[in-house]
Structures are given as structure tokens and as C-alpha cells.
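User: Please take a close look at one helix of this protein and walk me through it in a connected way, from its makeup to its surroundings.

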Amino acid sequence: MAPMGVKRFALTGSSSSSKNDGVLARISQSSIVTKGKQAACGATYVGKKLAKSTGKAAWLVATTFLVLGLPLIIVMDREQQLNDLDLQQASLLGASPATTQN
């Protein structure tokens, strides 16, 4: 409750106007606010589509790497270990180390 002697001001234009004619109602019905809402809805829609597409692309890249890339890396590592083992055995036996072949 307001203290004695303090006047309250209504946000409506006049006391005879309806409650829908308040400042906030008039602002929310302005063309700028309407265009802003439409732009925000459009940006949200595009953002959701972009996130969904990005997720699909990330899934595709990750599964392709697991199926094709990871086995290739494992095979290359095994081959490198075999080459290192051959080089180590050759040095233990006293043979001159062979140059690596490509």
C-alpha cells in the first residue's frame, strides 16, 4: 500500500481507456517489436537447423574416421614397430643397418 501523500500514476493514457491500451501493450504491438520478434524467430529456426546439420556432419566424420582411419593408423603403427624390431635385431647381430625403404 502506498504511503499517505504519495500519488500513483497509471500507465494508461486516460482512466476511461481499456487496460489493453497501456504503454507496454502499445509498445508490444508496434511494428518494430513485431519485426524484431519475427527476426528472432527466424534466427532461432536457422540456428536449430544449423545445429542439427552440424551434429549430423560430426557424426558422419567421427564414424568414418573410426571405420577407415583408425585401422589405418593401427596398421601403420604395427609396421613401424616391425621396422624398429628388425633394425634392433640387425644391430645386435652386428650387421650394418639397412636404409629404410619407402
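Analyst: Helices here are DSSP runs of H or I with at least four residues, numbered from the N terminus. In this predicted model, helix α2 covers residues 31-93, and Leu68 lies within it. The protein chain as a whole comes to two helices and zero strands.

As to length, α2 has 63 residues, which at 1.5 Å a residue should span 93 Å, and the 88 Å between its end C-alpha atoms agrees with that expectation. The helix nevertheless has a kink of about 40°, and this kink is centred on Leu66.

Leu66 also belongs to a nonpolar patch on the surface, made with Phe65, Val67, Leu68, Leu70, Ile73 and Ile74, and these residues together have about 660 Å² of accessible area. Within that patch, Leu68 counts as exposed because its relative accessibility is 58%, the cut-off for exposed being over 50%.

Val33, also placed in α2, is partly exposed, since its relative accessible area is 26%. Once its neighbours within four places in sequence are left aside, Val33 is in contact with Ile27 and Ser28.

After α2 comes Gly94, which has a positive phi, near 90°.

For the setting of these residues, buried residues make up 2% of the 102 residues in the protein chain. The protein chain exposes about 9600 Å², of which carbon and sulfur atoms supply 65%.

Technical notes
Residues are numbered from 1 along each chain as its sequence is written. This is a predicted model: local features need pLDDT of at least 70, side-chain atom pairs count only at pLDDT 80 or more; totals for chains, interfaces and linings use all residues. Side-chain values use heavy atoms; hydrogens and water are left out. Patches are made of residues with over 30% relative accessible area and no salt bridge: like charges are joined within 9 Å, nonpolar side chains (Val, Leu, Ile, Met, Phe, Trp, Tyr) within 5 Å. Accessible areas come from the Shrake-Rupley method with a 1.4 Å probe; for residues, only the protein chains shown count as cover. A salt bridge is a side-chain nitrogen of Lys or Arg within 4 Å of a carboxyl oxygen of Asp or Glu. Buried means under 20% relative accessible area, exposed over 50%, partly exposed in between (1.4 Å probe, protein chains only). Contact means heavy atoms within 4.5 Å. The expected span of a helix is 1.5 Å times one less than its number of residues. The bend at a residue is the angle between axes fitted to the seven residues ending there and the seven starting there.
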